Amino acid sequence: MNFIVSSSVLLKNLSKISGVISSNTVLPILEDFLFDIQNGKLTVFATDLETSMSTSLEVEAKDNFKIAIPAKIILETLIALPEQPISINIDEISFGIEITSDNGKYKLTGENGEDFPKIPQQEDTQKVSFASSILNMAISKTLFAVSNDELRPAMTGVLFQLNEDGITFVATDAHKLVKFNRKDVSVAENTSFIVPKKALNLLKGTVSSSDNLVEISFNGSNAFFTFDNVHLICRLIDARYPDYNAVIPKENPNLLTINRDDFLGSLRRISIFSNKTTHQVVLKISGSELQVFAQDLDFSNEANERLTCEYLGDNIDIAFNAKFLVEMMSTMPGEEIKFELSSPTRAGIIKPAEKDENEDLLMLIMPVMINVN
């Protein structure tokens, strides 16, 4: 059994799905790609049992067969080969694999494709489709806020909430929260599911920022993402997401408007001098002036900058984790941002000063106790 394929085309397709494969696995076959050839079409699968990805391409082949091929060695071989047609021959008895190029032959051993774990199939699913750029944007704006605390599994993924009014993506780790809503995507029935972090990282690396459609199908246990000749299947997080709306303060009389790039630059500089454990920066706001202050008493480090701003409200001193603020400012769109504050002990709300009519973005950050001389 054999097939002929372009080395560069095969490498491009394998690279799209190789991120699924883990080198620390109890099942050696999970370190392989499954090559499934049917009627001249090669479909390649990769899985870690929780997340699976596949992609398809046309090849020259007369036979239908399956073979599991070690991912690391075939990827490294293809990377080292110049662009050319290659022939891959399979011994159906020993599962030996011989790759023939213009100038050489390379032999390795695969495994029986029938032993590869079964990939979940779509059953009793609901579907929604929208531009892949929306999914790309949603992941970019929420992924940094996902928790790593395995004791709270619901918060280790992003919540997808769909209804007739739109789709909302939510991520929180109890210190920060992001809520991103699109009004131009809807489904007839209210539904929600939680997508784990690894699947989102894989999607972030492969889904395009174009207007091409991404189709999401989902049921009680899995979500199926289809886009640009790639299919990703992930097991959903089976947990109840916390009531995030309950922690978003409704009354925020103090309103700060400031240039995002200026504020981000100041945070990056000032945070160098902050305590390396708390990363605390203090915002002192009065009139049209914002002071950004940090100190590390252990090393006698201290820094202070003044920025011009627009501010409506009472003078306030409030402290936040600088790392969290930098993450938020780095993903916040637009030239200016709005900070909505109420008191030094209540969460701050950050929004873009200008927004697209089809989207709403809200970020929440919890304050830290002010600890300065």
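1. Let me start with charge. In this predicted model, the protein chain carries 33 positive and 51 negative side chains. The centres of the two sets lie 3 Å apart, a figure worth keeping beside the counts when you look at the charged side chains.

2. On overall dimensions, the C-alpha trace spans about 80 × 50 × 35 Å along its principal axes. The accessible surface of the chain comes to about 18,200 Å², and carbon and sulfur atoms account for 47% of that area.

3. Turning to the fold as a whole, the chain has six helices and 27 strands. Of its 373 residues, 52% are buried. Among contacts with a separation of 6 or more, 67% join residues that are 24 or more positions apart.

4. One sheet deserves a visit. It is an open sheet of five strands, in the order β5-β1-β7-β8-β9, and its pairing is antiparallel. The edges are taken by β5 (60-61) and β9 (105-109); each has a single partner strand, so one side of each is left without a neighbour in the sheet.

5. At the β9 end, you can follow the pairing residue by residue. Strand β8 (residues 96-100) and β9 pair in the antiparallel sense over five bridges. One of the residues to look for is E98, whose bridge partner in β9 is K107. Helix α1 (residues 7-17) packs on this sheet, where α1 touches β1 (2-6) and β7 (85-90). The direction of α1 makes about 90° with that of β1.

6. Next, a look at helix α3 (residues 132-142), which includes S132. Is S132 buried or exposed? S132 counts as buried, because its relative accessibility is 0%, and the cut-off for buried is under 20%. Which residues does S132 contact, leaving aside neighbours within four places in sequence? They are V207, S208, S210, N212, L213 and V214.

7. Finally, please look at T331, in helix α6 (residues 322-331). T331 and K141 are 190 residues apart in sequence, yet their C-alpha atoms are 5.7 Å apart in space. Not counting residues up to four places away in sequence, T331 touches S140, K141, F144 and M363. If you have helix α3 (residues 132-142) on screen from the previous point, the contacts of T331 with S140 and K141 make a handy next stop.

Terms used. Residues are numbered from 1 along each chain as its sequence is written. This is a predicted model: local features need pLDDT of at least 70, side-chain atom pairs count only at pLDDT 80 or more; totals for chains, interfaces and linings use all residues. Side-chain values use heavy atoms; hydrogens and water are left out. Helices (H or I, at least four residues) and strands (E, at least two) are DSSP runs, numbered from the N terminus. Buried means under 20% relative accessible area, exposed over 50%, partly exposed in between (1.4 Å probe, protein chains only). Contact means heavy atoms within 4.5 Å. Accessible areas come from the Shrake-Rupley method with a 1.4 Å probe; for residues, only the protein chains shown count as cover. Lys and Arg count as positive and Asp and Glu as negative; His and the chain ends are not counted. The place of a charge is taken as NZ of Lys, CZ of Arg, CG of Asp or CD of Glu. Two strands pair if DSSP finds at least two bridges between them. Axes are lines fitted to C-alpha atoms, for helices over the stretch in contact, and angles run from 0 to 180 degrees between N-to-C directions.
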